[in-house]
Amino acid sequence: QVQLVESGGGLVQPGGSLRLSCSASGRISSLDRMGWFRQAPGKQRELVASIISGGTPYYADSLKGRFTISGDSAKGAVYLQMVSLKPEDTAVYYCWAFGSTNYWGQGTQVTVSS
C-alpha cells in the first residue's frame, strides 16, 4: 500500500502562484509514475501533469507554460508549480501515483479569486 499526502493549496488572486507538494509513504519502490489531477465543481476529474521515472513530463495541453511538475516517483515526491493562475484553475487538486494500481491523495483545494 501507498499513502499520499498533499499540501500547499489555498486562496490566491488571479495572476498569482502556488506550489503544491505531495509526499508518498509505504511501498514507494512499487511506484513508477506520479502526477496531479484536478476536479472542478460539476466537472470530471482531469489529468494536469505527470512524471515517470526517467521519462519526459506530461502536461495537459491547456496548461503548458503555466504549470511545471517536478519530483521523482522513485523517491515518492512530486510537486506542481503553478503560475499565472486563473479563476478557471479553481479546483480540488489530487496527488496521484501508479504502481500496478492507482493511489490517490485526499485532495487540496485551490481557489483563484479576487
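Ser100 lies in the loop between strand 9 and strand 10 (102-104). In this predicted model, Ser100 has a positive phi of about 75° although it is not a glycine. Most residues other than glycine have a negative phi. Ser100 counts as exposed, because its relative accessibility is 71% and the cut-off for exposed is over 50%.

Ser84 also shows a positive phi, about 50°, and is not a glycine either. Its place is the loop between strand 8 and strand 9. Ser84 has a relative accessibility of 39%, so it counts as partly exposed. A glycine with a positive phi occurs in the hairpin of strand 4 and strand 5. There, 6 residues lie between the strands, and Gly42 takes a phi near 75°.

The strands themselves come next. Strands of a sheet pair through backbone hydrogen bonds, either parallel or antiparallel. An open sheet of 4 strands is found with the order 1-3-8-7, and its pairing is antiparallel. Strand 1 and strand 7 are the edge strands, each pairing on one side only. On average, neighbouring strands of this sheet are turned by 15° against each other, direction ignored.

At one edge of this sheet, strand 1 pairs with strand 3 over 6 bridges, in the antiparallel sense. Val2 has Gly26 of strand 3 as its bridge partner. Ser7 stands opposite Ser21, again in strand 3. In a regular strand the side chains alternate between the two faces of the sheet. Strand 1 has one covered face, made of Val2, Leu4 and Glu6. Its uncovered face holds Gln3, Val5 and Ser7.

Strand 4 takes part in two antiparallel pairings. With strand 5 it shares 6 bridges, and with strand 9 it shares 7 bridges. Trp36 is matched with Ala49 in strand 5. Gly35 has Trp96 in strand 9 as its bridge partner. Strand 4 is largely enclosed by the rest of the structure, because 5 of its 7 residues are buried.

What lies inside? In soluble globular proteins, nonpolar side chains tend to be buried together. The largest nonpolar core here has 30 residues. Leu4, Met34, Trp36, Leu80, Met82 and Tyr93 touch the most other members. Many strands contribute to this core. Those supplying at least two residues each include strand 1 (2-7), strand 3 (18-26), strand 4 (33-39) and strand 5 (46-52). Strand 7 (67-72), strand 8 (77-82), strand 9 (91-98) and strand 11 (108-112) also supply at least two each.

Leu4 shows how such a residue is surrounded. Leaving aside neighbours within four places in sequence, Leu4 is in contact with Cys22, Ser23, Ala24, Met34, Cys95 and Trp96, among others. Further contacts of Leu4 include Ala97, Tyr103, Trp104, Gly105 and Gln106.

Two of these contacts, Cys22 and Cys95, are themselves joined. A disulfide is a covalent bond between the sulfur atoms of two cysteines. The whole structure contains 1 disulfide. Cys22 and Cys95 form it, with their sulfur atoms 2.0 Å apart. The link is left-handed, with -85° about the S-S bond. Cys22 lies in strand 3 and Cys95 in strand 9, so the bond ties together parts that are 73 residues apart in sequence. Are these cysteines buried or exposed? Cys22 is buried, because its relative accessibility of 2% falls under the 20% cut-off. Cys95 is buried too, with a relative accessible area of 0%.

Two loop residues were also examined. Ser73 is found in the loop between strand 7 and strand 8. Ser73 is nevertheless buried, with a relative accessible area of 1%. Its side chain makes a polar contact with the side chain of Ser53, at 2.6 Å. Not counting residues up to four places away in sequence, Ser73 touches Ile28, Leu31, Asp32, Arg33, Met34, Ile51 and Ser53.

Thr90 lies in the loop between strand 8 and strand 9. A polar atom of its side chain is 2.9 Å from the backbone oxygen of Pro87. Thr90 is also in contact with Ala40, Gln109, Val110, Thr111 and Val112, leaving aside neighbours within four places in sequence.

Methods
Residues numbered from 1 in each chain as written. Predicted model: local features only at pLDDT ≥ 70, side-chain atom pairs only at ≥ 80, totals over all residues. Heavy atoms only, no water. Core = buried A, V, L, I, M, F, W, Y, C linked by side-chain atoms within 4.5 Å. Buried < 20%, exposed > 50% of the residue type's maximum accessible area, 1.4 Å probe, protein only. Contact = heavy atoms within 4.5 Å. Disulfide = S-S within 2.5 Å. Pairing = 2+ DSSP bridges. Polar contact = N/O pair within 3.5 Å; in protein donor to acceptor, adjacent residues only side chain to side chain. Axes fitted to C-alpha atoms, helices over the stretch in contact; angles between N-to-C directions.
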